[in-house]
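Subject: A structure for you to explore

Hi there,

Here is the structure I promised to pass on. Please open it beside this email and follow along as you read.

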Amino acid sequence: MPLKIVRYPDPVLRAKCRPVTEVTPEVRRLAADMIETMRAANGVGLAAPQVGQDVQLAVIDVSHNPKCVSFLRVNGEPADMSARMPVIFLNPVLEPGKDKETDEEGCLSFPRLRGDIRRSASLKVTFQTLDGATQTWETDGLLARAFQHETDHLNGVLFIDRMSAAAKVGLKRKLARLMEEWAEDDEA
Ligand code: NI
């Protein structure tokens with residue numbers, strides 16, 4: 001069942017999410033619903049606070065663009081990225097690479113808003129799967145960017161926080177409009 005996507009500036013987007021300590025049927029259902037919600041919205045990633053849940057669970061699917069990574073290693077072994085999508089990940093811990101690159105990002109909680117964000121070009125991420133296994137993924141490109149964006153969400157950090165001050169000034173009107181819409185939606 002697709003869920004309602006929480007929009008900025010809803011306070012749940014600033015929550016420090018709780019680790020998932022047990023994979024209950026509710027956690028599985030949430031993950032399945034989040035994948036459906038992400039797909040219905042044509043997103044490449046979605047984090048639990050974006051559907052109002054302050055738990056460390058997020059989903060990513062970048063399989064629409066098989067060339068968006070130059071490599072993927074899972075637990076040290078080369079892996080086929082498309083075959084691993086969508087990825088559902090719990091309690092992620094990132095080890096960002098030193099090289100940075102800038103690319104344009106959007107976020108399903110910020111309709112119509114896009115901006116350039118500088119992030120690590122590659123990373124290592126360790127997380128739990130729904131089966132209770134721990135996996136370590138190493139990758140780059142859009143997948144590395146998505147892991148950073150979604151893991152930020154689980155820490156209450158939003159992509160606008162990582163924009164340059166100049167970029168944010170340029171988006172001031174759009175952000176103000178989102179705040180108005182959110183307040184109106186809240187009253188309805
Ligand atoms: Ni986002």
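A residue is called buried when its relative accessible area is under 20%. Keep that cut-off in mind, because His153 has a relative accessibility of 1% and so counts as buried. Please also remember that this is a predicted model.

**The nickel site**

His153 is a good place to begin. Together with Cys107 and His149, His153 is a protein donor of the nickel ion. The donor atoms are SG of Cys107 and NE2 of each histidine, and they lie 2.1 to 2.2 Å from the metal. Along the chain, the donors follow the spacing C-x41-H-x3-H. Where do His149 and His153 lie? Both are in helix H2, which covers residues 141-154, and they are four residues apart, about one turn of the helix. His149 has 7% relative accessibility, so it is buried as well.

**The pocket**

Cys107 turns up again in the largest pocket, which holds about 400 Å³ of space. This pocket has 22 lining residues, and those nearest its centre are Val44, Glu105, Gly106, Cys107 and Arg114. Strand S6 (100-105) and H2 are the elements that give two or more residues to the lining. H2 gives the most, with six residues.

**The nonpolar core**

Helix H2 also has a part in the largest nonpolar core, which has 22 residues. Which of them touch the most other members? They are Ile60, Met81, Val87, Trp137, Leu143 and Phe147. At least two core residues come from each of strand S2 (57-60), S3, strand S5 (87-96), S8 and H2. H2 contributes the most to this core, with five residues. Try clicking on Phe147: leaving out residues up to four places away in sequence, it touches Ile60, Val87, Phe89, Leu94, Leu123, Val125, Phe127 and Trp137.

**Strand S9 and its partners**

Strand S9 spans residues 134-140, and six of its seven residues are buried, so the rest of the structure largely encloses it. S9 pairs in the antiparallel sense with strand S8 (residues 122-128) over seven bridges. It also pairs with strand S3 (residues 72-74), again in the antiparallel sense, over three bridges. On the S3 side, Arg73 has Glu138 as its bridge partner; on the S8 side, Leu123 stands opposite Thr139. Five residues lie between the strands in the hairpin of S8 and S9, where Gly132 has a positive phi near 85°.

Is Thr139, in strand S9, buried or exposed? It is buried, because its relative accessibility is 0%. Its C-alpha atom is 6.9 Å from that of Val69, although the two residues are 70 apart along the chain. Beyond residues up to four places away in sequence, Thr139 touches Val69, Phe71, Leu72, Ala121, Ser122, Leu123 and Ala144.

**Some backbone details**

Two cis peptide bonds are worth finding on your screen. One joins Tyr8 and Pro9, with omega about 5°, and Pro9 is in the segment before helix H1 (25-40). Another runs from Met85 to Pro86, with omega near -10°; Pro86 is in the loop between strand S4 (77-78) and S5.

Have a look at two asparagines as well. Asn75, in the loop between S3 and S4, has a positive phi of about 50° although it is not a glycine. Asn91, in strand S5, also has a positive phi, near 50°. Asn75 is partly exposed, at 48% relative accessible area, whereas Asn91 counts as buried at 14%.

Enjoy exploring!

Best wishes

Technical notes: Residues are numbered from 1 along each chain as its sequence is written. This is a predicted model: local features need pLDDT of at least 70, side-chain atom pairs count only at pLDDT 80 or more; totals for chains, interfaces and linings use all residues. Side-chain values use heavy atoms; hydrogens and water are left out. Donors are N, O and S atoms within 2.8 Å of the metal (3.2 Å for Na, K and Ca); water is not among the atoms, so sites may look incomplete. Buried means under 20% relative accessible area, exposed over 50%, partly exposed in between (1.4 Å probe, protein chains only). Two strands pair if DSSP finds at least two bridges between them. A nonpolar core is a set of buried Ala, Val, Leu, Ile, Met, Phe, Trp, Tyr and Cys residues joined through side-chain atoms within 4.5 Å. Contact means heavy atoms within 4.5 Å. On a 1 Å grid over the protein atoms alone, a cavity is a set of points where a 1.4 Å probe fits but cannot get out, and a pocket is an open set with protein on both sides within 12 Å along at least five of seven lines; lining residues have an atom within 4 Å of a point. Grid points are joined across faces, edges and corners, and a volume is the space filled by probe spheres set on the points.
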